[in-house]
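Student: I'm new to this one, and I'd like a close look at a single part: the open sheet and whatever sits around it. Could you walk me through it slowly?

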Amino acid sequence: MTQRGQQRGQRGQRGSAVSFTGAVRTYGAVRAVDGVDLDIAPGETVALLGRNGAGKSTTIGLLLGLYEPDAGAVELFGAPPERSVRAGRVGAMLQDARPVPRVTVGELVTFVASRYPAPMPVARALELAGIAGLAGRRVDRLSGGQVQRVRFALALAGDPALLVLDEPTAALDVEARHAFWDSMRAYARRGHTVLFSTHYLEEADAHADRIVILDRGRIVADGTGEDLRRAAGGNLVGIDLAGRDPDSLALLPGVRSVDVQDGRALLRTDDSDATVIALAELGAIRGLEVTPASLDDSFLALTAAGPETLTESHDLEPR
Ligand SMILES: Nc1ncnc2c1ncn2[C@@H]1O[C@H](COP(=O)(O)OP(=O)(O)OP(=O)(O)O)[C@@H](O)[C@H]1O
């Protein structure tokens, strides 16, 4: 059984960690979250990926019970979000949370940990967040990246079953990013559920079991990085057009789309062998190049469609 299959099985026995059913949240005319159905099993690490304004922060706000859905329902561990949050089962790292001034890092983390029923040792939270050396420093005198790591320590302090991280690496330098992901993975390996939002495709691919792509408030894809690449067309086949009409290329086997630039056609294809054979039969293989579609290509393909085509999500694995 796949890891996801096992996790779905676990959910059957233990219920969902996160469950959205037709959730909607509007701001005036803007449907920031527009009918989201999402189920996350205990122990899964899920990336919420989307462009600016896609609805990631609003989804996280609904999940944490910061806002009520206008329609539909959101539950954490089978109960309203507030109940799970109050019970200390959820730790969150939000984008705009400002640590209180004039206290030290150690004091702040100790205070927050004390609000939880079964916190982790403060030293452990500081160590996981990579700020053991900053315990005695005032939080209002830290750099942006250091504050970000304090927020991570605060999210971890209660040893929560569900860790929710809104763009957790936004202010971090390369080294801090690596350290952050190492810690996050170590936490997830202990059976905790993690949901993080990001703009970075590589981070989602490298650090999540599953990637959920949001676009204009809707889920347009849900699967592993590999699933997403396949869903968007597995390979790119490039050829020199040499005066050939690019429209006819769209009809070749496997081809999903054709982009033309500087006299070259780039064919996104599900079946590059069949596409290349058909091109060869047409005598159209000048400058032939076959490359796997990157996750970037897939992401752009999945989020480039007009609003009317976004009503159905690509559920990439049978449930
Ligand atoms: N308080 C608000 N009032 C009005 N509109 C809002 C509000 N918060 C969010 N929106 C709108 O809802 C949509 C979704 O915003 P949201 O912040 O959830 O997106 P996001 O994916 O987190 O974006 P980013 O990656 O830029 O942080 C956007 O169109 C945004 O302008």
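Tutor: Let's start with a term: two strands pair if DSSP finds at least two bridges between them. Strands (E, at least two residues) and helices (H or I, at least four) are DSSP runs, numbered from the N terminus. Residues, for their part, are numbered from 1 along each chain as its sequence is written. And keep in mind that this is a predicted model, where local features need pLDDT of at least 70, side-chain atom pairs count only at pLDDT 80 or more, and totals for chains, interfaces and linings use all residues.

Now for the sheet. Strand 11 and strand 12, the latter covering residues 264–269, run antiparallel to each other and are joined by six bridges. One of the pairs across them is Ser257 with Arg268, the latter in strand 12. As background, strands of a sheet pair through backbone hydrogen bonds, either parallel or antiparallel.

Zoom out a little and you'll find four strands in an open sheet, ordered 11-12-10-13, with antiparallel pairing. Strand 11 (255–261) and strand 13 (289–292) are the edges, each pairing on one side only. From one strand to the next, the twist averages 20°. Angles like this run from 0 to 180 degrees between N-to-C directions, using axes that are lines fitted to C-alpha atoms, for helices over the stretch in contact.

Next comes the helix that packs on this sheet: helix 10, residues 272–281. Helix 10 touches strand 10 (235–240), strand 11, strand 12 and strand 13, and its direction makes about 15° with that of strand 10. Touching, or being in contact, is when the C-beta atoms of two residues, placed from the backbone, lie within 7 Å.

Pick out Ile277, which lies in helix 10. A residue is buried if 20 or more other C-beta atoms lie within 10 Å of its own, exposed if 12 or fewer, and partly exposed in between, with C-beta atoms placed from the backbone. Ile277 counts as partly exposed because it has 15 other C-beta atoms within 10 Å. Its C-alpha atom is separated by 9.1 Å from that of Pro253, and the two residues are 24 apart along the chain.

Back to strands 11 and 12: the loop between them holds Asp262. This residue has a positive phi of about 50°, although it is not a glycine. Asp262 is exposed, because 6 other C-beta atoms lie within 10 Å. Compare that with Phe77, in the loop between strand 4 (71–76) and helix 3 (81–86). Phe77 also isn't a glycine and has a positive phi of about 50°, but Phe77 counts as buried because it has 20 C-beta neighbours inside 10 Å.

What about nonpolar cores? Such a core is a set of buried Ala, Val, Leu, Ile, Met, Phe, Trp, Tyr and Cys residues joined through C-beta atoms within 7 Å. The largest one has 70 residues, and Val109, Ala125, Ala153, Val164 and Val212 have the most contacts inside it. A second, separate core has nine residues, including Val237, Leu252, Leu267 and Val276.

To put the sheet in its wider setting, the protein has eleven helices and 14 strands. Of its 319 residues, 43% count as buried.
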